[in-house]
Amino acid sequence: MAAKLRGSRLEAEVDRARADGNWKRLSELLHSMKSKHSGMDDMVELVEAELELETFLEQQGEVLRPRSDYANELREAEMLLKDTIDRRSGATTLEAHLLLAKLHYASAAYSEALKDIENSGMELANTQFRTLRALRLVAEVYAIKGFCLEALESNDKGMGKMKSLFCYEKAAELAILYVGEIEKNIVGGSGKGNVTASTPSPTQKSEKLGNVT
């Protein structure tokens, strides 16, 4: 059935599988995405990298414990994401940066993960998420940023704790928004969101988070 899908129908199925975290279904759909005239050529590298990353992390158990030796096993996914960032633009690039941050965090490359987050632009005001998957990723990555800041805690531990706490609060806020959007889309069966969340403006960011380097 997946082989017959293309265009808007294929895009809807891909969005739904990604929103649900249904990696088996997404793997089946990837074959259709790679076919001629699929209409989703610009998403192939991103989805392929996402599949490799998420299935690998699932195999490590429910609780992710970052390990530097994961980097070798995730090398291909990393290359695909970097290729996506170099060749694509817009929402696809945003999601590639977020997945790269997740990959680097899993590999205990905390400084790299923070750079990915900064490069994603996810903290710009009124960020619009094209899909529910993007919204979920941003929620996850705010939590990841908090973990990274704690792992790289500077001499000013009090300020570091405040920055991390803000990230965790933002992650929880977006997770609640994500659940609400999922509930609204259950009947419609769509993985699309076009949700606009209130993210910190550059001024708010400097007040609450400081500059991450």
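The structure holds 0 disulfides, a disulfide being a pair of cysteine sulfur atoms within 2.5 Å. The model is predicted: local features need pLDDT of at least 70, side-chain atom pairs count only at pLDDT 80 or more, and totals for chains, interfaces and linings use all residues. Residues are numbered from 1 along each chain as its sequence is written, and side-chain values use heavy atoms, with hydrogens and water left out.

Cys148 is unpaired because the closest cysteine sulfur, in Cys167, is 9.4 Å from its own sulfur, too far for a bond. Cys167, likewise, is in no disulfide, its nearest cysteine sulfur being that of Cys148. Cys148 has 0% relative accessibility and therefore counts as buried; buried means under 20% relative accessible area, exposed over 50%, and partly exposed in between, with a 1.4 Å probe and protein chains only. Cys167 also counts as buried, at 0% relative accessibility.

Cys148 is also one of the residues of helix 8 that meet helix 6. Helices (H or I, at least four residues) are DSSP runs numbered from the N terminus. Two packed helices are described by the angle between their axes and the distance between the axes. Here the axes of helix 6 (residues 91-106) and helix 8 (residues 132-151) come within 10 Å and cross at roughly 40°. That angle makes helix 6 oblique to helix 8. Axes are lines fitted to C-alpha atoms, for helices over the stretch in contact, and angles run from 0 to 180 degrees between N-to-C directions. Angles under 35 degrees count as roughly parallel, over 145 as roughly antiparallel, 65 to 115 as roughly perpendicular and the rest as oblique.

From helix 6, the residues in contact (heavy atoms within 4.5 Å) include Leu98, Leu99 and Tyr105, and from helix 8 they include Leu137, Val141, Ile144 and Phe147. By class, this contact has 11 nonpolar, no polar and 4 charged residues. Ala, Val, Leu, Ile, Met, Phe, Trp, Tyr, Cys and Pro count as nonpolar, Asp, Glu, Lys and Arg as charged, and the others, Gly among them, as polar.

Helix 8 holds Lys145 as well. Lys145 counts as buried because its relative accessibility is 2%. Its C-alpha atom is separated by 9.9 Å from that of Glu118, 27 residues apart along the chain.

Leu5 is in the segment before helix 1 (7-20). With a relative accessible area of 3%, Leu5 is buried. Leaving out residues up to four places away in sequence, Leu5 touches Leu10, Glu13, Arg25, Leu29 and Ser32. The C-alpha atoms of Leu5 and Ser32 are separated by 6.7 Å, although these residues are 27 residues apart along the chain.

Conventions:
Helices (H or I, at least four residues) and strands (E, at least two) are DSSP runs, numbered from the N terminus.
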